[in-house]
Amino acid sequence: LRGASILTALKAAGIEYVISVPDLTTSEGVLRPLAKDTQLELVRVCREEEAIGICAGLLAGGKRAAILIQYTGFLASMNAIRAIAMEYRQPICMLVGLLFADAPEDPRQSANYGVNRMIPLIEALGMPYQLARNDDEAAAIAPALTRAFERSEPLAVLITRYPGA
């Protein structure tokens, strides 16, 4: 999975802002190219739940935004996700990296407790999701994001492989 494929998908879906915490894992492949990109605005935050509120504010202002976080930040943001994304049916679109995904084809098979609970948790929330394991699956990100905005529903895209250059 290349970071360029992720950025291409974001642009194709009309995303204008990407909200993210600083992250060593995606720095080279996604965040550094994103910071230099003239079509996408990177908004850096300190905590992932801040990203949920900022994304909701941008949506209220008519802007399309996406959040780039790791699964640990998703888990830490559960109350904000529950309230803003699920209860208020906001198109909070999150690209969620599954660090330590030792079973990238099916994260539920991971030995990592947090990784193997992500899909069951997202399903329990009733949140639409999809896996992005390679560049072919990254091509499906843009239509999924577009659908989330059209339906005013949240979306979690689970990135199971390190996004390289």
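**Exercise 1. Determine how many salt bridges the model contains, and describe the one formed by Asp 135.**

*Solution.* The count comes to eight salt bridges, a salt bridge being a side-chain nitrogen of Lys or Arg within 4 Å of a carboxyl oxygen of Asp or Glu. The model is a predicted one, in which local features need pLDDT of at least 70, side-chain atom pairs count only at pLDDT 80 or more, and totals for chains, interfaces and linings use all residues. Residues are numbered from 1 along each chain as its sequence is written, and side-chain values use heavy atoms, with hydrogens and water left out.

Step 1. The partner of Asp 135 is Arg 2, and the closest N and O atoms of the pair are 2.8 Å apart.

Step 2. The pair links distant parts of the chain, 133 residues apart: Asp 135 belongs to helix H7 (residues 135–138), while Arg 2 is in the segment before helix H1 (3–12). Helices (H or I, at least four residues) and strands (E, at least two) are DSSP runs, numbered from the N terminus.

Step 3. Both residues can be classed by relative accessible area, where buried means under 20%, exposed over 50%, and partly exposed in between (1.4 Å probe, protein chains only). Asp 135 is partly exposed because its value is 28%; Arg 2, at 42%, is partly exposed.

**Exercise 2. State which residues form salt bridges with Arg 47 and Arg 133, and class each residue by accessibility.**

*Solution.* Step 1. Arg 47 pairs with Glu 49, with 2.7 Å between the closest N and O atoms. Arg 47 has a relative accessible area of 46% and is therefore partly exposed; Glu 49, at 27%, is partly exposed.

Step 2. Arg 133 pairs with Glu 137, and here the closest N and O atoms are 2.6 Å apart. Arg 133 is buried because its relative accessible area is 17%, whereas Glu 137 is partly exposed at 21%.

**Exercise 3. Describe how H1 and H2 cross, and which residues meet there.**

*Solution.* Step 1. The axes of H1 and helix H2 (residues 24–36) come within 8 Å and cross at roughly 50 degrees. Axes are lines fitted to C-alpha atoms, for helices over the stretch in contact, with angles from 0 to 180 degrees between N-to-C directions.

Step 2. H1 is therefore oblique to H2: angles under 35 degrees count as roughly parallel, over 145 as roughly antiparallel, 65 to 115 as roughly perpendicular, and the rest as oblique.

Step 3. On the H1 side, Gly 3, Ala 4, Ile 6 and Leu 7 meet Gly 29, Val 30, Pro 33 and Leu 34 of H2, contact meaning heavy atoms within 4.5 Å.

Step 4. These residues divide into six nonpolar, two polar and no charged. Ala, Val, Leu, Ile, Met, Phe, Trp, Tyr, Cys and Pro count as nonpolar, Asp, Glu, Lys and Arg as charged, and the others, Gly among them, as polar.

Step 5. The buried residues of H1 include Gly 3, Ile 6 and Leu 7.

**Exercise 4. Find where Arg 89 and Ser 152 lie, and give the phi of each.**

*Solution.* Step 1. Arg 89 lies in the loop between helix H5 (78–87) and strand S4 (93–97). Although Arg 89 is not a glycine, its phi is positive, about 45 degrees.

Step 2. Ser 152 lies in the loop between helix H8 (141–151) and strand S6 (155–159). Ser 152 is not a glycine either, yet has a positive phi of about 50 degrees.
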